[in-house]
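Here is a short set of exercises to work through with the model open beside you. Try each task before reading its solution.

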Amino acid sequence: MSGHETPMDGQMSMSAPALPEPLAALVFVGAWLVMMVAMMLPSAAPMILLYRATVAGTTAHRVVAVAVFVGGYLLVWAVFGLLVYLVQVGVGAVASSSPALTDAWPFAVAAVLAIAGIYQFSPLKSICLRQCRSPL
């Protein structure tokens with residue numbers, strides 16, 4: 001998103017670019033992956049270690065197999081991050097097309113953050129973490 005000043009009202013407004021810019025998407029996905037590694041590594045580590053323990057073959061083969069496994073995991077998160085970016089650009093374009101939607105935007109973001117926060121304390125999160133920590 002980029003901020004710009006409109007000549008008519010002199011106020012700063014936030015709007016999404018009309019078309020997704022490749023560099024902006026790359027930066028977003030890069031930051032998304034860093035965030036995912038930081039957040040998901042503690043819960044993904046048992047799954048990765050279990051996979052490493054089940055791979056047969058030489059040490060070199062196991063290292064390559066685990067690297068491919070982790071690379072696939074990160075690729076899935078990168079693709080999801082790209083989808084999130086595209087949705088963000090689309091929703092931003094729609095929201096900026098109407099003053100009412102522009103005014104409601106901060107409340108929508110707050111609601112999404114509140115829902116994510118509630119999930120952190122829900123039984124569903126505990127179930128998901130239990131499954132990740134012990135997939136067998």
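**Exercise 1.** Which pattern does the chain follow, read along the sequence?

*Solution.* Keep in mind that this is a predicted model. Start by listing the elements: the secondary structure comes to four helices and two strands. Next, put them in sequence order, which gives β-β-α-α-α-α.

**Exercise 2.** Find out how the end-to-end span of helix α1 fits its number of residues.

*Solution.* Step one: α1 covers residues 22-54, 33 residues in total. Step two: at 1.5 Å a residue, a straight helix of that kind would reach 48 Å. Step three: the end C-alpha atoms of α1 are only 39 Å apart, short of that value. Step four: look along the helix for a bend, and you will find a kink of about 65° at L41, shortly before the proline P42.

**Exercise 3.** Repeat the check for α3.

*Solution.* The 22 residues of α3 should span 32 Å at 1.5 Å a residue. Its end C-alpha atoms are 33 Å apart, so the span agrees with the expected one. Now look for a bend here too: α3 has a kink of about 40° at W105, shortly before the proline P106.

**Exercise 4.** Is S122 buried or exposed, and what does its side chain contact?

*Solution.* First locate S122, in the loop between α3 (99-120) and α4 (123-133). Its relative accessible area is 16%. Buried means under 20%, so S122 is buried. Then turn to its side chain: a polar atom there lies 2.8 Å from the backbone oxygen of Y119.

**Exercise 5.** Classify L75 by its accessibility, then name the surface patch it belongs to.

*Solution.* L75 is found in helix α2 (residues 59-95). Its relative accessibility is 56%, so L75 counts as exposed. Together with V79, F80, L82, L83 and L86, L75 forms a nonpolar surface patch with about 540 Å² of accessible area.

Definitions and conventions. Residues are numbered from 1 along each chain as its sequence is written. This is a predicted model: local features need pLDDT of at least 70, side-chain atom pairs count only at pLDDT 80 or more; totals for chains, interfaces and linings use all residues. Side-chain values use heavy atoms; hydrogens and water are left out. Patches are made of residues with over 30% relative accessible area and no salt bridge: like charges are joined within 9 Å, nonpolar side chains (Val, Leu, Ile, Met, Phe, Trp, Tyr) within 5 Å. Accessible areas come from the Shrake-Rupley method with a 1.4 Å probe; for residues, only the protein chains shown count as cover. A salt bridge is a side-chain nitrogen of Lys or Arg within 4 Å of a carboxyl oxygen of Asp or Glu. Buried means under 20% relative accessible area, exposed over 50%, partly exposed in between (1.4 Å probe, protein chains only). The expected span of a helix is 1.5 Å times one less than its number of residues. The bend at a residue is the angle between axes fitted to the seven residues ending there and the seven starting there. A polar contact is a pair of N or O atoms within 3.5 Å; within protein, one must be able to donate a hydrogen and the other to accept it, and residues adjacent in sequence count only if both atoms are side-chain atoms.
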